[in-house]
Amino acid sequence: MSSTIGPRAFIAGLLLFATTIGGLQAATQQRSGNPVFPSWYADPEAAIFDGQYWIYPTWSARYGEQTFFDAFSSPDLVHWTKHGHVLEAKDVRWAKKAMWAPALVAKDGKYYFFFSANDIQSDKEVGGIGVAVSDKPEGPFRDLLGKPLIGAFHHGAQPIDQFVFKDVDGQYYIIYGGWKHANIAKLKSDFTGVVPLDDGSTYREITPEHYVEGPVMFLRNGKYYLMWSEGGWTGPDYSVAYAIADSPLGPFRRIGKVLQQDPKIATGAGHHSVIHVAADDSWYIVYHRRPLGDSEANHRVTSIDRMYFDDKGFIKPVVITNEGVEANPLR
Ligand code: FUB
């Protein structure tokens, strides 16, 4: 049996084919673009909560206006929804200014929001690292302690730029520090304080060579990766380097830089976090950077690019892009 296709049916078929191919291309070529959302946002903390990607950045307005945090959620890394003012200085009795660098943890049905406030310059000032809590990742978060969790300098580390790491045995650690010093401490299981390490000390200095601020820790194939920012945060050379150790306490020997400016794309690429999508073992680096030619200190935007490892587990240098990353839906 034979059949013929008339000219109208042929043209309709062609149109359908073209539309389908176009649709498929649009779906596969969908990318986040960089920055991933508009306006000045720095120090992005990325997390996966309840089947969504989340980013909690510093509001990088003028210094005196950094008094609240917004959050952003996405099902796929491409489409982002803003959640305004999830935590504000007016709701934290001891916080007045310089609310910086969130670190988020989900535990026992609650969401904990660690933050820095007040940019203290000595132990005579009130401020440091605080912790807030909510029943939802979009907040609102309320201050857990009514005072800083870490409110003083230890080993020369300014109490800012905290990161919270959960080890395989369930122990949570806080790793933090500005002014070129990094410390680690064990957190109480309810995050209301810190407890002594095995040697009886409370804060252990783990500063790697060239460390400045912004530590991040993750575990991969039984190895502890410590990453940090180096260089000056207001300049083009701000960047990220890393070390690998067998324990969260180190020792951490600097291996090299993984993220830095590309004079064709952006400058000052640093203060980052990392996303690991277990389903496809993909890794992302979420960081801030400056638009080309813009030297205003707080003009920082949040961007995402892929992070790859070599066969030995070393992190390959990140290629920063204007296109960002492809969609990676979590459900
Ligand atoms: O955003 C305020 C400060 O700038 C952060 O605490 C530093 O890490 C740097 O990114």
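**From two cis prolines to the ligand shell**

Proline 251 is found in the loop that runs between strand 16 (239-245) and strand 17 (254-259), and in this predicted model the peptide bond leading from glycine 250 to proline 251 is cis, with omega near 5°. A cis peptide bond also joins asparagine 34 and proline 35, where omega is about 0°; proline 35 belongs to the loop between helix 1 (7-29) and strand 1 (41-49).

Two further loops are worth a look for their backbone angles. In the loop that lies between strand 1 and strand 2 (52-59) one finds aspartate 50, whose phi is near 55°, a positive value in a residue other than glycine. Lysine 180, placed in the loop between strand 10 (172-176) and strand 11 (183-187), has a phi near 70°, which is likewise a positive value in a residue other than glycine.

Turning to the strands, four of them form an open sheet in the order 5-6-7-8, with antiparallel pairing. Strand 5 (100-107) and strand 8 (142-143) stand at the edges of this sheet and each has a single partner strand, so one side of each is left without a neighbour in the sheet. The pairing of strand 8 with strand 7 (residues 128-134) is antiparallel and extends over two bridges, and within this part of the sheet alanine 132 stands opposite aspartate 143 of strand 8.

The ligand brings together residues from many parts of the sequence: it is surrounded by Asp43, Thr58, Trp100, Ile160, Asp161, Glu213, Trp233, Tyr238, His271, His288 and Arg300. By residue type, this shell divides into four nonpolar, three polar and four charged residues.

Which side chains place a polar atom 2.5 Å, 2.7 Å or 2.9 Å from an oxygen atom of the ligand? For aspartate 43, a polar side-chain atom lies 2.5 Å from a ligand oxygen atom; for histidine 271, the distance from a polar side-chain atom to an oxygen atom of the ligand is 2.7 Å; and for arginine 300, the corresponding separation between a polar side-chain atom and an oxygen atom of the ligand is 2.9 Å. Of the 270 Å² of accessible area that the ligand has on its own, the protein covers 98%, and the space that the ligand takes up is the second largest pocket.

Definitions and conventions. Residues are numbered from 1 along each chain as its sequence is written. This is a predicted model: local features need pLDDT of at least 70, side-chain atom pairs count only at pLDDT 80 or more; totals for chains, interfaces and linings use all residues. Side-chain values use heavy atoms; hydrogens and water are left out. A residue is near a molecule or strand if one of its heavy atoms lies within 4 Å of it. A polar contact is a pair of N or O atoms within 3.5 Å; within protein, one must be able to donate a hydrogen and the other to accept it, and residues adjacent in sequence count only if both atoms are side-chain atoms. Accessible areas come from the Shrake-Rupley method with a 1.4 Å probe; for residues, only the protein chains shown count as cover. On a 1 Å grid over the protein atoms alone, a cavity is a set of points where a 1.4 Å probe fits but cannot get out, and a pocket is an open set with protein on both sides within 12 Å along at least five of seven lines; lining residues have an atom within 4 Å of a point. A molecule sits in a cavity or pocket if more than half of its atoms lie within 2 Å of its grid points. Ala, Val, Leu, Ile, Met, Phe, Trp, Tyr, Cys and Pro count as nonpolar, Asp, Glu, Lys and Arg as charged, and the others, Gly among them, as polar. Two strands pair if DSSP finds at least two bridges between them. Helices (H or I, at least four residues) and strands (E, at least two) are DSSP runs, numbered from the N terminus.
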